[in-house]
Amino acid sequence: MIHNTAYIEQLIEFLKIPSISTLPEHKGDVRKAAEWLAASLEEVGMENIETIETAGHSIVYADWLHADDKPTVLIYGHYDVQPADPIELWDSPPFEPEVRDDKLYARGATDDKGQLFIHVKALQTLMDEDGKLPVNVKLCIEGEEEQASPNLPPYIKQHTDKLSCDAVLISDTSFIERGQPAICTSLRGALALELFVKTANSDLHSGVYGGGVPNAAHNLVRLLDSLHEQNGKVAVEGFYEGVPDPTEELKDEVAAIPFNEVKTKQELGLEALFGEEGFNFLEQTGIRPTLEINGITAGFQGEGIKTIVPCEASAKISCRLVGEQDPQTVFEKIEQHVKTHKPAGTKVLLKQSIQAAPVLLDSKNPMIQKAADAYETVYGVQPLFPKEGGSIPIVEVFSTVLDAPVVLMGFGLPSENLHAPNEHFHLENFTLGIETVCHYLKSLG
(Lines give C-alpha, C1' and ligand atoms only; values in the text may rest on other atoms or scores of the structure.)
Protein backbone atom coordinates (compact mmCIF):
# COMPACT_ATOMS: atom_id res chain seq x y z
CA MET A 1 0.00 0.00 0.00
CA ILE A 2 1.29 3.46 -0.92
CA HIS A 3 1.17 5.85 2.03
CA ASN A 4 1.42 9.61 2.02
CA THR A 5 4.85 9.92 3.62
CA ALA A 6 4.37 13.57 4.52
CA TYR A 7 1.15 12.77 6.43
CA ILE A 8 2.91 10.04 8.41
CA GLU A 9 5.84 12.31 9.21
CA GLN A 10 3.39 14.92 10.51
CA LEU A 11 1.65 12.31 12.65
CA ILE A 12 5.03 11.26 14.05
CA GLU A 13 5.71 14.88 14.99
CA PHE A 14 2.34 15.00 16.79
CA LEU A 15 3.09 11.76 18.64
CA LYS A 16 6.42 13.02 19.90
CA ILE A 17 4.61 15.44 22.22
CA PRO A 18 4.04 13.67 25.60
CA SER A 19 0.60 15.19 26.18
CA ILE A 20 -0.23 13.16 29.29
CA SER A 21 -3.19 15.01 30.76
CA THR A 22 -3.26 13.20 34.11
CA LEU A 23 0.29 14.15 35.16
CA PRO A 24 0.80 17.78 36.29
CA GLU A 25 4.43 17.76 35.15
CA HIS A 26 3.22 17.39 31.55
CA LYS A 27 0.88 20.39 31.60
CA GLY A 28 3.21 22.28 29.26
CA ASP A 29 3.31 19.32 26.86
CA VAL A 30 -0.49 19.16 26.76
CA ARG A 31 -0.54 22.86 25.91
CA LYS A 32 2.09 22.29 23.22
CA ALA A 33 -0.04 19.53 21.66
CA ALA A 34 -3.08 21.84 21.56
CA GLU A 35 -1.08 24.57 19.88
CA TRP A 36 0.45 22.09 17.43
CA LEU A 37 -3.02 20.84 16.48
CA ALA A 38 -4.37 24.37 16.07
CA ALA A 39 -1.48 25.21 13.74
CA SER A 40 -2.16 22.05 11.70
CA LEU A 41 -5.81 23.02 11.27
CA GLU A 42 -4.77 26.47 10.11
CA GLU A 43 -2.53 24.91 7.46
CA VAL A 44 -5.48 22.83 6.23
CA GLY A 45 -7.58 25.97 5.77
CA MET A 46 -9.89 25.76 8.76
CA GLU A 47 -11.18 29.04 10.12
CA ASN A 48 -12.16 30.61 13.46
CA ILE A 49 -9.49 28.54 15.18
CA GLU A 50 -9.44 28.90 18.96
CA THR A 51 -7.44 27.34 21.77
CA ILE A 52 -9.99 27.70 24.54
CA GLU A 53 -8.85 27.77 28.15
CA THR A 54 -10.72 25.68 30.72
CA ALA A 55 -10.18 24.92 34.41
CA GLY A 56 -7.96 22.12 33.13
CA HIS A 57 -6.55 21.60 29.63
CA SER A 58 -7.51 23.48 26.49
CA ILE A 59 -10.25 22.75 23.95
CA VAL A 60 -9.29 23.33 20.31
CA TYR A 61 -12.12 24.63 18.13
CA ALA A 62 -12.13 25.31 14.39
CA ASP A 63 -14.67 25.39 11.59
CA TRP A 64 -15.29 25.80 7.86
CA LEU A 65 -18.87 26.89 7.15
CA HIS A 66 -19.14 27.77 3.47
CA ALA A 67 -21.16 24.80 2.13
CA ASP A 68 -24.52 26.47 1.72
CA ASP A 69 -27.57 24.26 2.27
CA LYS A 70 -25.34 21.30 3.16
CA PRO A 71 -25.23 19.40 6.47
CA THR A 72 -22.86 20.34 9.27
CA VAL A 73 -20.59 17.68 10.75
CA LEU A 74 -18.94 18.18 14.14
CA ILE A 75 -15.68 16.22 14.44
CA TYR A 76 -14.60 15.29 17.97
CA GLY A 77 -11.37 13.75 19.18
CA HIS A 78 -8.79 14.11 21.93
CA TYR A 79 -5.12 15.01 21.81
CA ASP A 80 -4.24 13.87 25.34
CA VAL A 81 -2.75 10.44 25.99
CA GLN A 82 -2.36 7.92 28.80
CA PRO A 83 0.83 7.69 30.88
CA ALA A 84 3.40 5.38 29.30
CA ASP A 85 4.24 3.32 32.39
CA PRO A 86 5.68 0.73 32.69
CA ILE A 87 8.37 2.20 30.42
CA GLU A 88 10.59 -0.89 30.65
CA LEU A 89 8.00 -2.98 28.78
CA TRP A 90 8.19 -0.83 25.63
CA ASP A 91 10.31 -2.14 22.76
CA SER A 92 10.99 1.46 21.68
CA PRO A 93 10.60 4.71 23.65
CA PRO A 94 6.90 5.66 23.85
CA PHE A 95 7.45 9.24 22.66
CA GLU A 96 10.02 8.43 20.00
CA PRO A 97 7.64 7.05 17.33
CA GLU A 98 8.96 4.16 15.30
CA VAL A 99 7.55 2.38 12.23
CA ARG A 100 7.90 -1.41 12.25
CA ASP A 101 6.06 -3.85 9.95
CA ASP A 102 3.80 -1.05 8.64
CA LYS A 103 2.74 -0.19 12.21
CA LEU A 104 3.51 3.08 13.96
CA TYR A 105 4.54 2.50 17.60
CA ALA A 106 4.06 5.32 20.12
CA ARG A 107 1.86 6.32 23.03
CA GLY A 108 -1.31 7.81 21.54
CA ALA A 109 -0.80 6.17 18.15
CA THR A 110 -4.26 4.58 18.10
CA ASP A 111 -5.80 6.34 21.14
CA ASP A 112 -6.46 8.89 19.82
CA LYS A 113 -3.88 10.98 17.94
CA GLY A 114 -3.65 8.62 14.96
CA GLN A 115 -7.40 8.34 14.58
CA LEU A 116 -7.94 12.06 15.16
CA PHE A 117 -5.28 12.94 12.59
CA ILE A 118 -7.16 10.89 9.99
CA HIS A 119 -9.80 13.62 10.02
CA VAL A 120 -7.29 16.45 9.80
CA LYS A 121 -5.69 14.85 6.74
CA ALA A 122 -9.06 13.94 5.20
CA LEU A 123 -10.03 17.62 5.39
CA GLN A 124 -6.70 18.56 3.83
CA THR A 125 -7.19 16.00 1.04
CA LEU A 126 -10.62 17.40 0.22
CA MET A 127 -9.37 21.00 0.31
CA ASP A 128 -6.43 20.12 -1.94
CA GLU A 129 -8.76 18.41 -4.43
CA ASP A 130 -11.51 21.05 -4.68
CA GLY A 131 -10.43 24.09 -2.71
CA LYS A 132 -13.49 23.58 -0.52
CA LEU A 133 -15.30 20.98 1.58
CA PRO A 134 -18.47 19.12 0.52
CA VAL A 135 -20.14 19.86 3.88
CA ASN A 136 -19.83 22.33 6.71
CA VAL A 137 -17.36 21.18 9.33
CA LYS A 138 -16.74 22.06 12.95
CA LEU A 139 -14.02 20.55 15.12
CA CYS A 140 -14.10 20.27 18.91
CA ILE A 141 -10.92 18.57 20.17
CA GLU A 142 -10.19 18.22 23.87
CA GLY A 143 -7.16 17.49 26.03
CA GLU A 144 -8.87 15.75 28.97
CA GLU A 145 -10.53 12.61 27.61
CA GLU A 146 -8.17 10.41 29.60
CA GLN A 147 -9.48 12.20 32.71
CA ALA A 148 -13.14 11.50 31.79
CA SER A 149 -13.60 14.96 30.17
CA PRO A 150 -14.34 17.05 33.29
CA ASN A 151 -14.48 20.42 31.51
CA LEU A 152 -15.92 19.61 28.09
CA PRO A 153 -19.58 18.94 29.07
CA PRO A 154 -20.03 22.42 30.59
CA TYR A 155 -18.49 23.95 27.46
CA ILE A 156 -20.87 22.00 25.19
CA LYS A 157 -23.89 23.01 27.29
CA GLN A 158 -22.85 26.67 27.24
CA HIS A 159 -22.16 26.73 23.48
CA THR A 160 -24.93 24.65 21.91
CA ASP A 161 -25.48 27.16 19.09
CA LYS A 162 -21.79 27.31 18.28
CA LEU A 163 -21.54 23.48 18.21
CA SER A 164 -24.92 22.75 16.61
CA CYS A 165 -24.67 20.16 13.86
CA ASP A 166 -26.42 17.44 11.91
CA ALA A 167 -24.04 14.69 13.08
CA VAL A 168 -21.11 14.22 15.44
CA LEU A 169 -18.24 12.22 13.93
CA ILE A 170 -15.83 10.43 16.29
CA SER A 171 -12.94 8.08 15.58
CA ASP A 172 -11.93 6.59 18.94
CA THR A 173 -13.09 2.98 18.57
CA SER A 174 -11.90 -0.19 16.87
CA PHE A 175 -12.61 -2.61 14.06
CA ILE A 176 -13.75 -6.11 14.99
CA GLU A 177 -10.51 -7.43 13.52
CA ARG A 178 -8.20 -6.46 10.70
CA GLY A 179 -10.23 -5.89 7.52
CA GLN A 180 -13.59 -5.94 9.31
CA PRO A 181 -14.82 -2.40 9.99
CA ALA A 182 -17.24 -1.67 12.80
CA ILE A 183 -19.53 1.17 13.81
CA CYS A 184 -20.22 1.01 17.52
CA THR A 185 -23.89 1.70 18.28
CA SER A 186 -23.95 1.14 22.03
CA LEU A 187 -21.74 2.28 24.89
CA ARG A 188 -22.31 1.25 28.45
CA GLY A 189 -22.42 3.99 31.06
CA ALA A 190 -20.00 4.09 33.96
CA LEU A 191 -19.91 4.57 37.70
CA ALA A 192 -16.64 4.44 39.63
CA LEU A 193 -16.47 4.49 43.40
CA GLU A 194 -14.28 3.59 46.34
CA LEU A 195 -15.41 1.73 49.47
CA PHE A 196 -13.62 2.47 52.75
CA VAL A 197 -13.93 0.22 55.80
CA LYS A 198 -12.82 1.30 59.28
CA THR A 199 -12.83 -0.71 62.54
CA ALA A 200 -10.49 0.12 65.45
CA ASN A 201 -8.65 3.41 65.86
CA SER A 202 -5.32 1.77 64.88
CA ASP A 203 -3.86 -1.49 63.63
CA LEU A 204 -3.68 -4.02 66.47
CA HIS A 205 -1.23 -6.80 67.40
CA SER A 206 -2.74 -10.04 66.10
CA GLY A 207 -1.31 -12.04 69.00
CA VAL A 208 -2.88 -9.79 71.60
CA TYR A 209 -6.15 -8.87 69.88
CA GLY A 210 -6.61 -11.37 67.05
CA GLY A 211 -9.86 -13.31 67.34
CA GLY A 212 -11.43 -10.76 69.66
CA VAL A 213 -11.82 -7.63 67.53
CA PRO A 214 -13.24 -6.94 64.06
CA ASN A 215 -10.74 -7.20 61.22
CA ALA A 216 -11.18 -4.54 58.52
CA ALA A 217 -9.79 -6.82 55.81
CA HIS A 218 -12.17 -9.66 56.73
CA ASN A 219 -15.12 -7.31 56.84
CA LEU A 220 -14.26 -5.73 53.51
CA VAL A 221 -14.12 -9.18 51.91
CA ARG A 222 -17.53 -10.05 53.38
CA LEU A 223 -19.01 -6.82 52.03
CA LEU A 224 -17.53 -7.33 48.59
CA ASP A 225 -18.74 -10.91 48.44
CA SER A 226 -22.27 -9.77 49.27
CA LEU A 227 -22.41 -7.69 46.09
CA HIS A 228 -22.89 -10.73 43.80
CA GLU A 229 -24.92 -13.90 43.72
CA GLN A 230 -23.29 -17.20 42.77
CA ASN A 231 -24.77 -17.05 39.27
CA GLY A 232 -22.96 -13.81 38.47
CA LYS A 233 -25.95 -11.55 38.99
CA VAL A 234 -25.43 -8.35 40.98
CA ALA A 235 -27.12 -8.78 44.37
CA VAL A 236 -27.69 -5.08 45.10
CA GLU A 237 -31.41 -4.47 45.50
CA GLY A 238 -32.70 -2.26 42.69
CA PHE A 239 -29.47 -2.45 40.67
CA TYR A 240 -31.30 -3.68 37.54
CA GLU A 241 -33.97 -0.98 37.57
CA GLY A 242 -34.01 0.59 34.09
CA VAL A 243 -32.24 -2.35 32.43
CA PRO A 244 -34.29 -3.31 29.34
CA ASP A 245 -34.81 -6.81 28.05
CA PRO A 246 -32.76 -7.02 24.84
CA THR A 247 -34.85 -6.94 21.68
CA GLU A 248 -34.48 -9.63 19.02
CA GLU A 249 -32.96 -7.03 16.67
CA LEU A 250 -30.36 -6.12 19.29
CA LYS A 251 -29.58 -9.78 19.93
CA ASP A 252 -29.17 -10.34 16.20
CA GLU A 253 -26.70 -7.43 15.91
CA VAL A 254 -24.70 -8.84 18.82
CA ALA A 255 -24.81 -12.35 17.37
CA ALA A 256 -23.39 -11.06 14.07
CA ILE A 257 -20.09 -10.18 15.80
CA PRO A 258 -17.51 -12.97 15.39
CA PHE A 259 -16.53 -14.63 18.66
CA ASN A 260 -14.40 -17.69 19.32
CA GLU A 261 -14.70 -18.83 22.93
CA VAL A 262 -11.86 -21.35 22.74
CA LYS A 263 -9.48 -18.79 21.23
CA THR A 264 -10.52 -16.15 23.76
CA LYS A 265 -9.82 -18.47 26.69
CA GLN A 266 -6.46 -19.43 25.23
CA GLU A 267 -5.46 -15.80 24.66
CA LEU A 268 -6.46 -14.84 28.20
CA GLY A 269 -4.95 -17.92 29.83
CA LEU A 270 -8.33 -18.93 31.29
CA GLU A 271 -9.85 -22.35 31.81
CA ALA A 272 -13.39 -20.95 31.78
CA LEU A 273 -15.31 -17.72 31.22
CA PHE A 274 -17.74 -16.43 33.82
CA GLY A 275 -20.59 -13.96 33.76
CA GLU A 276 -24.25 -13.32 34.40
CA GLU A 277 -26.23 -16.52 33.87
CA GLY A 278 -28.62 -16.55 30.90
CA PHE A 279 -26.49 -14.38 28.62
CA ASN A 280 -23.58 -15.20 26.32
CA PHE A 281 -20.15 -13.55 26.48
CA LEU A 282 -20.84 -10.80 23.92
CA GLU A 283 -24.13 -9.95 25.62
CA GLN A 284 -22.49 -9.98 29.06
CA THR A 285 -19.71 -7.63 27.94
CA GLY A 286 -21.73 -5.41 25.61
CA ILE A 287 -25.36 -4.97 26.61
CA ARG A 288 -25.62 -6.08 30.25
CA PRO A 289 -24.68 -4.06 33.34
CA THR A 290 -21.81 -5.09 35.59
CA LEU A 291 -20.25 -4.42 38.97
CA GLU A 292 -16.53 -5.18 39.14
CA ILE A 293 -13.97 -5.01 41.95
CA ASN A 294 -10.95 -3.21 40.49
CA GLY A 295 -8.58 -3.20 43.43
CA ILE A 296 -8.30 -4.04 47.14
CA THR A 297 -6.04 -2.51 49.79
CA ALA A 298 -5.74 -3.70 53.40
CA GLY A 299 -3.13 -4.32 56.04
CA PHE A 300 0.61 -4.60 55.57
CA GLN A 301 1.77 -4.57 51.91
CA GLY A 302 5.56 -4.66 52.31
CA GLU A 303 7.97 -7.55 51.98
CA GLY A 304 7.70 -10.21 54.67
CA ILE A 305 4.88 -10.29 57.21
CA LYS A 306 3.57 -7.96 59.88
CA THR A 307 1.25 -9.71 62.33
CA ILE A 308 -1.54 -7.18 62.71
CA VAL A 309 -5.29 -6.93 62.71
CA PRO A 310 -5.77 -4.12 60.17
CA CYS A 311 -8.11 -1.31 61.13
CA GLU A 312 -8.62 0.02 57.61
CA ALA A 313 -9.34 -1.51 54.22
CA SER A 314 -10.62 -0.19 50.92
CA ALA A 315 -11.74 -1.36 47.49
CA LYS A 316 -12.12 0.33 44.14
CA ILE A 317 -15.32 -0.62 42.32
CA SER A 318 -16.64 0.18 38.87
CA CYS A 319 -20.01 -0.42 37.27
CA ARG A 320 -20.97 -0.51 33.61
CA LEU A 321 -24.54 0.59 33.06
CA VAL A 322 -27.11 0.14 30.29
CA GLY A 323 -30.56 1.26 29.25
CA GLU A 324 -32.14 3.76 31.63
CA GLN A 325 -29.85 3.05 34.57
CA ASP A 326 -28.96 6.32 36.29
CA PRO A 327 -25.41 6.42 37.73
CA GLN A 328 -26.43 8.44 40.80
CA THR A 329 -29.34 6.13 41.58
CA VAL A 330 -27.11 3.07 41.21
CA PHE A 331 -24.57 4.66 43.57
CA GLU A 332 -27.28 5.24 46.17
CA LYS A 333 -28.47 1.62 45.83
CA ILE A 334 -24.91 0.34 46.41
CA GLU A 335 -24.51 2.72 49.34
CA GLN A 336 -27.68 1.38 50.94
CA HIS A 337 -26.59 -2.21 50.31
CA VAL A 338 -23.23 -1.60 52.01
CA LYS A 339 -24.86 0.02 55.04
CA THR A 340 -27.33 -2.85 55.31
CA HIS A 341 -24.69 -5.59 55.02
CA LYS A 342 -21.80 -4.06 56.95
CA PRO A 343 -20.53 -6.41 59.69
CA ALA A 344 -20.76 -5.42 63.34
CA GLY A 345 -18.09 -3.03 64.55
CA THR A 346 -17.51 -1.61 61.05
CA LYS A 347 -17.82 1.94 59.78
CA VAL A 348 -18.19 2.35 56.01
CA LEU A 349 -17.81 5.23 53.57
CA LEU A 350 -18.38 5.34 49.82
CA LYS A 351 -16.93 8.00 47.52
CA GLN A 352 -17.73 8.20 43.82
CA SER A 353 -15.38 9.54 41.15
CA ILE A 354 -16.87 8.95 37.69
CA GLN A 355 -20.40 9.02 36.32
CA ALA A 356 -21.46 8.48 32.72
CA ALA A 357 -24.87 7.63 31.33
CA PRO A 358 -25.31 4.78 28.83
CA VAL A 359 -25.67 5.49 25.11
CA LEU A 360 -27.72 3.55 22.54
CA LEU A 361 -27.44 4.70 18.91
CA ASP A 362 -29.80 3.72 16.09
CA SER A 363 -27.85 1.76 13.49
CA LYS A 364 -30.58 2.60 10.93
CA ASN A 365 -29.97 6.35 11.21
CA PRO A 366 -29.09 7.73 7.73
CA MET A 367 -25.90 9.37 9.04
CA ILE A 368 -24.71 6.00 10.36
CA GLN A 369 -25.84 4.12 7.25
CA LYS A 370 -23.87 6.50 5.00
CA ALA A 371 -20.81 5.82 7.16
CA ALA A 372 -21.39 2.10 6.64
CA ASP A 373 -21.53 2.68 2.88
CA ALA A 374 -18.24 4.61 2.99
CA TYR A 375 -16.54 1.72 4.78
CA GLU A 376 -17.85 -0.74 2.20
CA THR A 377 -16.66 1.46 -0.66
CA VAL A 378 -13.09 1.59 0.65
CA TYR A 379 -12.68 -1.73 2.46
CA GLY A 380 -15.04 -3.82 0.34
CA VAL A 381 -16.79 -5.09 3.47
CA GLN A 382 -19.98 -3.99 5.19
CA PRO A 383 -19.23 -2.92 8.78
CA LEU A 384 -20.76 -4.68 11.75
CA PHE A 385 -22.51 -2.87 14.59
CA PRO A 386 -20.90 -3.98 17.87
CA LYS A 387 -22.02 -2.98 21.36
CA GLU A 388 -19.00 -1.69 23.25
CA GLY A 389 -18.61 -2.64 26.88
CA GLY A 390 -16.55 0.45 27.60
CA SER A 391 -17.61 4.03 27.99
CA ILE A 392 -16.88 7.27 26.16
CA PRO A 393 -18.75 9.63 28.51
CA ILE A 394 -18.77 12.58 26.15
CA VAL A 395 -20.79 10.64 23.53
CA GLU A 396 -23.90 10.80 25.71
CA VAL A 397 -23.40 14.54 26.24
CA PHE A 398 -23.07 15.22 22.51
CA SER A 399 -26.10 13.05 21.72
CA THR A 400 -28.45 14.62 24.26
CA VAL A 401 -27.29 18.24 24.44
CA LEU A 402 -26.82 18.75 20.69
CA ASP A 403 -29.65 16.37 19.76
CA ALA A 404 -27.55 14.97 16.93
CA PRO A 405 -26.70 11.39 15.89
CA VAL A 406 -23.20 10.31 16.89
CA VAL A 407 -21.25 8.31 14.30
CA LEU A 408 -18.53 6.22 15.95
CA MET A 409 -16.35 5.66 12.89
CA GLY A 410 -13.31 3.96 14.41
CA PHE A 411 -10.14 2.82 12.64
CA GLY A 412 -8.21 1.17 15.46
CA LEU A 413 -7.74 -2.53 16.03
CA PRO A 414 -8.37 -4.38 19.32
CA SER A 415 -4.80 -5.71 19.17
CA GLU A 416 -3.10 -2.30 19.15
CA ASN A 417 -2.31 -2.14 22.88
CA LEU A 418 -4.13 1.08 23.66
CA HIS A 419 -3.38 2.12 27.28
CA ALA A 420 -0.61 -0.50 27.36
CA PRO A 421 3.08 -0.74 26.45
CA ASN A 422 3.87 -0.92 22.73
CA GLU A 423 0.73 0.89 21.65
CA HIS A 424 0.65 1.10 17.86
CA PHE A 425 -1.49 1.98 14.85
CA HIS A 426 -1.69 0.04 11.58
CA LEU A 427 -0.70 2.49 8.86
CA GLU A 428 -2.99 0.80 6.35
CA ASN A 429 -5.93 2.00 8.45
CA PHE A 430 -4.44 5.49 8.64
CA THR A 431 -4.29 5.65 4.85
CA LEU A 432 -7.60 3.89 4.18
CA GLY A 433 -9.19 5.82 7.03
CA ILE A 434 -8.44 9.12 5.30
CA GLU A 435 -10.02 7.76 2.12
CA THR A 436 -13.07 6.50 4.03
CA VAL A 437 -13.70 9.81 5.80
CA CYS A 438 -13.39 11.61 2.45
CA HIS A 439 -16.00 9.29 0.93
CA TYR A 440 -18.27 9.80 3.93
CA LEU A 441 -18.16 13.59 3.86
CA LYS A 442 -18.69 13.62 0.09
CA SER A 443 -21.73 11.35 0.48
CA LEU A 444 -23.29 13.87 2.86
CA GLY A 445 -22.71 16.82 0.52
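Start by selecting strand E14, residues 312–321: this strand is mostly covered, with 7 of its 10 residues buried. Keep in mind that you're looking at a predicted model.

**Stop 1: the partners of E14**

Leave E14 highlighted and add strand E10, residues 189–198. The two run antiparallel and are joined by 10 bridges. For a spot to zoom in on, pick Glu-194, which stands opposite Lys-316 in E14.

Now bring in strand E12, residues 290–298. E12 also pairs with E14 in the antiparallel sense, here over 8 bridges. Which residue of E14 does Glu-292 stand opposite? Click across and you'll land on Ser-318. If you want to draw the contacts, remember that strands of a sheet pair through backbone hydrogen bonds, either parallel or antiparallel.

**Stop 2: a three-strand sheet**

Clear the selection and pick up E16, E9 and E17. They form an open sheet of 3 strands in the order E16-E9-E17, and the pairing is mixed. E16 (359–360) and E17 (387–388) are the edge strands; each has a single partner strand, so one side of each is left without a neighbour in the sheet.

Zoom in on strand E9, residues 186–187, together with E17: these two pair in the parallel sense, over 2 bridges. Show Ser-186 and look over to Lys-387, its bridge partner in E17.

**Stop 3: two helices**

Next, select helix H1 (residues 5–15) and helix H2 (residues 27–44). Their axes come within 10 Å and cross at roughly 155°. An angle over 145 degrees counts as roughly antiparallel, so that's how H1 sits relative to H2.

Which residues make the contact? Show sticks for Gln-10, Glu-13 and Phe-14 on H1, then Ala-33, Trp-36 and Leu-37 on H2. Colour the contact by class and you get 4 nonpolar residues, 1 polar and 1 charged.

**Stop 4: the cysteines**

Last, go hunting for disulfides. How many are there? The count comes to 0. Select Cys-140 and Cys-165 to see one case: the closest cysteine sulfur to that of Cys-140 is the one in Cys-165, and at 10 Å it is too far for a bond. A disulfide pair would need its sulfur atoms within 2.5 Å.

While you're there, turn on a surface. Is Cys-140 buried or exposed? Cys-140 is buried, with a relative accessible area of 0%. Finish on Cys-311, which is also buried, at a relative accessible area of 6%; the cut-off for buried is under 20%.

Key
Residues numbered from 1 in each chain as written. Predicted model: local features only at pLDDT ≥ 70, side-chain atom pairs only at ≥ 80, totals over all residues. Heavy atoms only, no water. Axes fitted to C-alpha atoms, helices over the stretch in contact; angles between N-to-C directions. Helix = DSSP H or I, 4+ residues; strand = E, 2+ residues; numbered from the N terminus. Parallel < 35°, antiparallel > 145°, perpendicular 65-115°, else oblique. Contact = heavy atoms within 4.5 Å. Nonpolar A, V, L, I, M, F, W, Y, C, P; charged D, E, K, R; others polar. Buried < 20%, exposed > 50% of the residue type's maximum accessible area, 1.4 Å probe, protein only. Pairing = 2+ DSSP bridges.
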